[in-house]
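Dear colleague,

I am handing over the structure below, and I would be glad if you could look through it alongside the notes that follow.

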Amino acid sequence: MDWGLQNRLSRIIKPADGKAVMLAVDHGYFLGPTESLEVPRKTIQPLLKYCDSLMLTRGVLRTSVDAHFPIPVVLRVSGGSSIIGEDLSNEKITTSVKDAIRLNVSALAMSIFVGAKHEHDSLVSLGNLVNEAGEYGIPVLAVTAVGKELKKRDARYLSLACRIAAEFGAHMVKTYYCDDFEKVVNSCPVPVIIAGGPKLAEKEALELAFNAIKAGAVGVDMGRNIWQSDHPVPMIRAVRAIVHGHQNVTQAYDFFKKLVKEGPTQNNEPQKVNKPKKTKPKRKSK
Ligand code: 5RP
């Protein structure tokens, strides 16, 4: 593997333990200002120091992340349809590799839609993106998108989608957790990372992360289950304790509750600023 590609991958999957905590905040590319991500900077800022990398679009990167903060970026480069449009699978590559280089990203991400109307286009796009990004040593993360039908996606389907992504040259695959997840991981020759999916109770989300890691996933790329929690910082720290800290679900959930109890100051969460009271200017004595 080329040095540059290896170096970029190691910013995402940490060489110390081969694990990854990614924070996904790319949802606006088809969902618009989705709940708790209405003002991206506000959502992202307190979480930055607890994730290994950030997955987002160039628009949110340029407007809402401080360029001085040393966070590896996984740039979403596909899009083209919205939640109110006709077909979510109708995506193309929307961001050039040249612009990704300008943004100094560590990897590119795009969705594939196996079994959907635009399956062919998305797979050909993946092959082309791997070709082009490969010229510059930039790895590609393929996201096995499931459209609006998450419930129907089982190990059989996700194994198929992940394996196809790897066959097309993706360096990492992001998919959803399911029963028999070992089957998905074992038949995919590149590292598998899980998405969190729709919001769950915190303990259930921690269970999902734990089970995925136990089944062989190298990490998580979670979004809603972090920032739609009432306590995003304790939540990402608890997820991190599972992925990098070898904690089980009970330990991680106890850690979460402890952090919540400690309150927002300890957790670096945004503080409510009390506006200073207006006082009448003192009259100068003559
Ligand atoms: C959408 C994505 C999202 O980043 C992904 O769904 C992860 O976020 P969440 O944990 O909220 O599911 O790639 O295609």
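Helices (H or I, at least four residues) and strands (E, at least two) are DSSP runs, numbered from the N terminus. On that basis the protein chain has 12 helices and 10 strands. Its radius of gyration, taken over C-alpha atoms, is 20 Å, close to the 19 Å that the globule rule gives for 286 residues, so the chain is as compact as a globular protein of that length; the rule itself is 2.2 Å times the number of residues to the power 0.38.

Please bear in mind that this is a predicted model, in which local features need pLDDT of at least 70 and side-chain atom pairs count only at pLDDT 80 or more, while totals for chains, interfaces and linings use all residues. Residues are numbered from 1 along each chain as its sequence is written.

Buried residues make up 44% of the 286 residues in the protein chain, where buried means 20 or more other C-beta atoms within 10 Å of the residue's own, exposed means 12 or fewer, and partly exposed lies in between, with C-beta atoms placed from the backbone.

Which residues come nearest to the ligand? Of the 15 residues around the ligand (C-beta atom, placed from the backbone, within 6 Å of it), these are Ala24, Ala195, Gly196, Gly223 and Arg224. Strand 10 (219–222) and helix 10 (224–227) are the elements that give two or more residues to this shell.

Helix 6 (residues 119–134) has 16 residues, which at 1.5 Å a residue should span 22 Å, and its end C-alpha atoms are indeed 22 Å apart; the expected span is 1.5 Å times one less than the number of residues. Its buried residues are Ser122, Ser125, Leu126, Leu129, Val130 and Ala133. Seen down the axis of helix 6, they fall within an arc of 135°, so they line one face of the helix, the arc being that of the directions from the helix axis to the C-beta atoms. The face turned away from this buried side carries the exposed residues His120, Val124, Asn128 and Asn131.

Two backbone angles may deserve a look. Serine 36, in the loop between helix 2 (28–31) and helix 3 (40–44), has a positive phi of about 75° although it is not a glycine, and with 18 C-beta neighbours inside 10 Å it counts as partly exposed. Asparagine 104, in the loop between helix 5 and strand 6, has a positive phi of about 60°, again without being a glycine, and with 10 C-beta neighbours inside 10 Å asparagine 104 counts as exposed.

With kind regards
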